[in-house]
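Hi everyone, thanks for making time for this. I'd like to walk you through a structure that is new to most of us, so settle in and have a look at it with me.

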Amino acid sequence: MPRLSQVRVGTTPLPTAADLAHVLGLFREAEALTRADVMRLSGLSRSTVNQRIDALLTAELVRPAGGQSIARGRPPERFAFNSNRGVLLVADMGATSLRTGLCDLSGKVLAEHEQAIDLTQGPEALLTLIRTAFVELLIDAALEPTSVLGIGLDVPGPVDFARGQVVSPPIMNGWDGFDIRAWFGHHFTCPVLVENDVNAMAWGEHQTIYPDVTELFMLKLGTGIGAGLVTRNRIFRGADGAAGDIGHYYASPPDDAPVPQCRCGRLGCVEAYAGGWALVRDLNEAGIPTANVGEAVQLLRSGDLTAVRLARRSGRIVGEAIAQAVSLFNPRVIVLAGQLAAAEEHLIAGIREVVYQRSLPLATGNLQIRRSELADRAGLIGLALQLADTIFAGPEVELLVAASDSTRPSEYARSQPQVTHSG
Ligand SMILES: [Zn+2]
C-alpha cells in the first residue's frame, strides 16, 4: 500500500500525518464541528478541509454528530471525534496493587479490574499478569486485539519517557532498563507508553478537573511518596525524567530519634519518615502490630492516638517538602492522592499548616490544596489521555487513515467497533 504522501489526486496533494492530526485535534477538543467551523479554526480552504474531513470519516476517526436530520439524502453537517474508533488498554501499577482498565479514546474508563501484586516478582511475572488482565478485559467486552490502538503502563519509579524504560528504581528489582515496549510488542502491534505513576495521575487530574490551571502539583501519599508537576499543559519531567522525586528529599530530623534508612538506601529521606511503609514500621515499633498501609489507615480512622500522633508528624515532614516545591514552582493547585491522602485529616492538616507557614504569601495567596477528585482512577485516565495525545499527534493517524479502504464510501454507521459502555 503506498503511503498517503506519495499519492496525488487531482491538484490537491493527499494530507500528511501532520495535516490529519491538525484537523483531528480540532475535533478532539470540540463536541462537534461543521466544515465551516473547521475552516474558521484552521484557516484552511474549503477543498482542503473537505478532503481532510473525508479522510478522517473514511478512517472512522470522525463521525457524523448525532441529533440532526439527514433529510433527502443530504450528508450530515456536523461531525465529532469518534471516541469508539478503538480502545486503549492501561495499567496503573502501585507498590502493592495493580489496576488495569479498558478505555475509549476520550479517556473514559469502560471497564476496570484491581488486584494485589508483589512488586518483587520482577518484570516478566508482572507484565504477564498485566497482559492476562488486558486479555480478560477484551474478552469481557467482546473485542479483538486489533481494536487496541495503544497500551499504557505507569510504574512507581523513575521513568525514561523517551525510551519507555524504568531507570534505577528503588523498589522495583529487575526493572532497570527492561525493554517493556519490546515485551508488549510480542503480543500487540500498537504503540506502548511507559510513564511514572504520579505523572500519569497529575495528567489525568489536570486534563479532566483543572484544564485551565497552568501549574498543578500532584502528590501521591501511598506506600511511598512521589510527586508530579503539570506546567503550561505539559508534564514537567526534568532533563532525565527524574523531576518530582520529592519522597527522597532530605528531611530535617524532627526529634532525637535515630535518622531512619530509606528504601533507596540513603538516610533521612522524607519517605523514610512519612511514607506509608514508614508509618507501618513506626506503628510496629510502638507495639501496635500493623501488617500494611491499609491497616495503618484503619487505625487512623479509628482515632488510635499513636497512629494520629505519627500521622501528624508525617504531615509536617511532607509539608516541609511541599513548601520547598511551592517556593520553586509556585503551583496554583496541589492535589493530594494515594491511600494515605484519601484516608484521614490529620496528615493533610499538618501539610496545610506547614505549607502556609513556610511559603511566601505571594505563592500561597491563591494556592488551593485539594484531594484528588479522580482518586483511584487518576492514573488510568491520565494514561489513556496521554496515549490518545500520542497516537493522534502524527504518524499513527496516517497509518489508521492508510489502513482504511479509500474506495469505500464513508458510511461510518455500518461498522462501528463493538465497545460496550458500562455506564
Ligand atoms: Zn530515599
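**A walk through the model**

Let's start at Trp175, which is buried, with a relative accessible area of 0%. Before I go on, please keep in mind that this is a predicted model. Where along the chain is the place of Trp175? It is in the loop between strand 11, residues 165–166, and helix 5, residues 180–185. If you look for Gly157, you'll find that Trp175 and Gly157 are 18 residues apart in sequence, and their C-alpha atoms are 9.6 Å apart in space.

Now let me turn to the pockets. In the largest pocket there is about 1,000 Å³ of space. Its lining is made up of 48 residues, and those lying nearest the centre are Gly94, Ala95, Asp197, Lys220 and Gly222. Several elements give two or more residues to this lining: strand 6 (87–93), strand 7 (97–103), helix 6 (197–208), strand 14 (225–231), strand 16 (333–337) and helix 11 (339–343). Which of them gives the most? That is helix 6, with four residues. As for the character of the lining of the largest pocket, we have 19 nonpolar, 18 polar and 11 charged residues.

And where does the largest pocket lie with respect to the domains? Domain 2, which covers 87–201 + 377–388, gives residues to the lining, and domain 3, 211–372, does too, so the largest pocket lies between them.

On to the second largest pocket, with a volume of about 600 Å³. Here 18 residues form the lining, and Gly25, Arg28, Glu29, Gln207 and Asp389 are the ones nearest the centre. At least two lining residues come from each of helix 1 (17–29), strand 5 (78–81), helix 6 and helix 14 (378–391). Helix 1 has the largest share of the lining of the second largest pocket, four residues. By type, the lining of this second largest pocket splits into nine nonpolar, five polar and four charged residues. Domain 1, that is 4–61 + 392–410, and domain 2 each provide at least three residues of this lining.

Next, the metal. Which residues are the protein donors of the zinc ion? They are His248, through ND1, and Cys262, Cys264 and Cys269, each through SG, at 2.0 to 2.3 Å from the ion. The angles among the four donor atoms run from 104 to 119 degrees, and the site of the zinc ion is tetrahedral. If you like to spot such things in the sequence, the donor residues are spaced H-x13-C-x1-C-x4-C. Are Cys264 and Cys269 buried or exposed? Cys264 has 23% relative accessibility, so it counts as partly exposed. Cys269, with a relative accessible area of 3%, is buried.

Let me also show you two residues whose backbone angles caught my eye. Most residues other than glycine have a negative phi. Asn233 is not a glycine, and yet it has a positive phi of about 65 degrees. You'll find Asn233 in the loop between strand 14 and strand 15, residues 234–235. Its relative accessible area is 44%, so Asn233 is partly exposed. Ala375 is not a glycine either, and it has a positive phi of about 50 degrees. Its place is in the loop between strand 17, residues 368–371, and helix 14. Ala375 is partly exposed, with a relative accessible area of 41%.

Finally, two residues in helices. Leu283 is in helix 8, residues 276–285, and it is buried, with a relative accessible area of 0%. Leu283 and Thr306 are 23 residues apart in sequence, with 7.4 Å between their C-alpha atoms. Met39 lies in helix 2, residues 35–42. With a relative accessible area of 24%, Met39 is partly exposed. From Met39 to Val23 there are 16 residues in sequence and 9.6 Å in space, C-alpha to C-alpha.

If you take one picture away, let it be the largest pocket lying between domain 2 and domain 3, together with a tetrahedral zinc ion site. Thanks for listening, and I'm happy to go back to any part of it.

Key:
Residues numbered from 1 in each chain as written. Predicted model: local features only at pLDDT ≥ 70, side-chain atom pairs only at ≥ 80, totals over all residues. Heavy atoms only, no water. 1 Å grid on protein atoms, 1.4 Å probe; cavity = no way out; pocket = protein on both sides within 12 Å on 5 of 7 lines; lining within 4 Å. Points joined across faces, edges and corners; volume = space filled by probe spheres on them. Nonpolar A, V, L, I, M, F, W, Y, C, P; charged D, E, K, R; others polar. Domains from an automatic or database assignment. Donors = N, O, S within 2.8 Å, 3.2 Å for Na, K, Ca; no water. Tetrahedral: all angles 85-135°; square planar, octahedral: opposite > 155°, others 65-115°. Buried < 20%, exposed > 50% of the residue type's maximum accessible area, 1.4 Å probe, protein only.
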